[in-house]
Amino acid sequence: MIVIPAVDLRDGCCVQLVGGSFEKEMVRLDDPVAVARNWESDGFRSLHVVDLDAAMQTGSNAEIVSSILRSVDCEIQVGGGIRDEQQVEDLLREGTTRVVVGTRAIEDREWLSDMACRFPGVVIVAADTRDRSLVTRGWTRTSSRNVIDLIEELNDLPLAAVLVTAVHREGKLEGPDVRLMEDVVRASNHPIQSSGGIRGINDLHALAEEGVAAAIVGMAIYTGALDSRAAAEEFQQ
């Protein structure tokens with residue numbers, strides 16, 4: 001398993017939210033490019049960059065995403081508001097390694113199938129879930145669909161991975177939803193990336209034991225609850 005720092009962008013800043021609520025912003029750093037460089041210097045080989053404004057359709061941090069792509073040598077997966085093929089192509093041209101798609105991928109299976117086949121091994125589907133129900137549109141819309149059902153439906157597509165964010169644990173430092181991740185890994189043919197609730201190194205070990213391929217960490221490394229250098233050194237594969 002590898003550990004991947006989250007660089008969430010809002011209003012031109014790097015932020016961390018609690019419980020998926022845009023009203024509960026606990027971290028705000030003015031220079032996201034410097035943040036990305038810092039995680040690279042700590043030893044991380046991959047970054048997870050999300051444009052929250054684009055996800056909410058309230059703005060764009062595309063220039064900052066481009067600056068991050070130019071400024072670090074890490075593999076970078078980018079998400080947030082990606083809803084058409086041109087966006088995918090532009091990001092790949094700029095140096096993005098993997099592209100994370102959420103809302104449209106969940107709501108439009110034909111489009112997702114087309115994107116996955118056009119860009120095999122590149123697309124990551126973001127399956128955001130609150131208490132196992134899928135949430136979309138910047139975590140503002142809750143579906144009646146169970147996340148496990150979606151995971152099984154994705155098994156025949158040539159995806160890079162599936163990212164499962166336990167929104168109900170996001171930013172709370174209460175521990176990941178390990179049982180959810182256990183069920184997701186069992187149901188999926190793809191590598192699973194886990195996000196939400198990670199507090200420290202023991203949580204990373206628990207996720208690794210369940211077969212999770214990558215853990216996205218945010219609040220824990222921004223607050224110092226998790227030693228970033230130790231995590232980068234131990235979880236490199």
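User: What phi does glycine 211, just after α9, take in this structure?
Analyst: The model is a predicted one. Glycine 211 comes just after helix α9, and its phi is positive, at about 95 degrees.

User: Which residues of α9 are buried, and how are they placed around the helix axis?
Analyst: Buried in α9 are Asp203, Leu204 and Leu207. The arc that they cover around the axis is only 100 degrees, so they lie on the same side of α9.

User: Which exposed residues does the face of α9 turned away from its buried side carry?
Analyst: Asp203, Leu204 and Leu207 are the buried residues of this helix. The face turned away from that buried side carries two exposed residues, Asn202 and Glu209.

User: Against which elements do the buried residues of α9 pack?
Analyst: The residues in question are Asp203, Leu204 and Leu207. Their packing partners include strand β1 (2–10) and helix α8. The full list is β1, α8, β11 (192–195), β12 and α11 (228–234).

User: Glutamate 210 lies in the loop between α9 and β12; how far apart in sequence are the parts that its salt bridge with arginine 179 ties together?
Analyst: The side chains of glutamate 210 and arginine 179 meet in a salt bridge, at 3.1 Å from N to O. Glutamate 210 is in the loop between α9 (201–209) and β12 (214–217), while arginine 179 is in helix α8 (residues 178–187), so the parts tied together are separated in sequence by 31 residues.

User: Is arginine 179 buried, exposed or partly exposed?
Analyst: Exposed would need a relative accessible area over 50%, and buried one under 20%. Arginine 179 has 45%, so the residue counts as partly exposed.

User: Where do aspartate 183 and arginine 186 lie, and what is the distance of their salt bridge?
Analyst: Both residues are in helix α8, three residues apart, or about one turn of the helix. Aspartate 183 is partly exposed at 24% relative accessible area, whereas arginine 186 is exposed at 58%. Their side chains meet in a salt bridge with an N to O distance of 3.1 Å.

User: Which residues are linked with Arg179 and Asp183 in a network of salt bridges?
Analyst: Among the bridges already described are the one between glutamate 210 and arginine 179 and the one between aspartate 183 and arginine 186. The network that holds Arg179 and Asp183 also links Arg132, Glu182, Arg186 and Glu210.

User: What is unusual for a non-glycine residue about the phi of arginine 132, and what is its value?
Analyst: Most residues other than glycine have a negative phi. Arginine 132 sits in the loop between β7 and β8 and is partly exposed at 24% relative accessibility. Although not a glycine, arginine 132 has a positive phi of about 75 degrees.

User: What phi does aspartate 131 have?
Analyst: Aspartate 131 lies in the loop between β7 (123–130) and β8 (133–136). At 59% relative accessibility, aspartate 131 is exposed. This residue is not a glycine either, yet its phi is positive, at about 55 degrees.

User: How many salt bridges are found in the whole structure, and how many residues apart are the parts that arginine 109 and aspartate 156 tie together?
Analyst: A search of the whole structure gives 17 salt bridges. In the one between arginine 109 and aspartate 156, the closest N and O atoms are 3.0 Å apart. Arginine 109 is in helix α6 (residues 109–118) and aspartate 156 is in the loop between α7 (147–153) and β10 (161–166), so the parts tied together are separated in sequence by 47 residues.

User: Which residues is isoleucine 151 in contact with, leaving aside neighbours within four places in sequence?
Analyst: Isoleucine 151 lies in helix α7. Its relative accessibility is 1%, so isoleucine 151 counts as buried. Its contacts beyond those neighbours are Val162, Val164, Val184, Ala187 and Ser188.

User: Which residues does serine 195 touch, not counting those up to four places away in sequence?
Analyst: Serine 195 is in strand β11 and is buried, with a relative accessible area of 7%. The residues touched are Leu163, Val164, Thr165, Ala166, Glu170, Met181 and Ile216.

User: How are α1 and α3 oriented to each other?
Analyst: Helix α1 (residues 32–41) packs against helix α3 (residues 62–71) at an angle of about 30 degrees, and the axes are 9 Å apart. This angle makes the two helices roughly parallel.

Definitions and conventions: Residues are numbered from 1 along each chain as its sequence is written. This is a predicted model: local features need pLDDT of at least 70, side-chain atom pairs count only at pLDDT 80 or more; totals for chains, interfaces and linings use all residues. Side-chain values use heavy atoms; hydrogens and water are left out. A salt bridge is a side-chain nitrogen of Lys or Arg within 4 Å of a carboxyl oxygen of Asp or Glu. Helices (H or I, at least four residues) and strands (E, at least two) are DSSP runs, numbered from the N terminus. Buried means under 20% relative accessible area, exposed over 50%, partly exposed in between (1.4 Å probe, protein chains only). The arc is that of the directions from the helix axis to the C-beta atoms. Contact means heavy atoms within 4.5 Å. Axes are lines fitted to C-alpha atoms, for helices over the stretch in contact, and angles run from 0 to 180 degrees between N-to-C directions. Angles under 35 degrees count as roughly parallel, over 145 as roughly antiparallel, 65 to 115 as roughly perpendicular and the rest as oblique.
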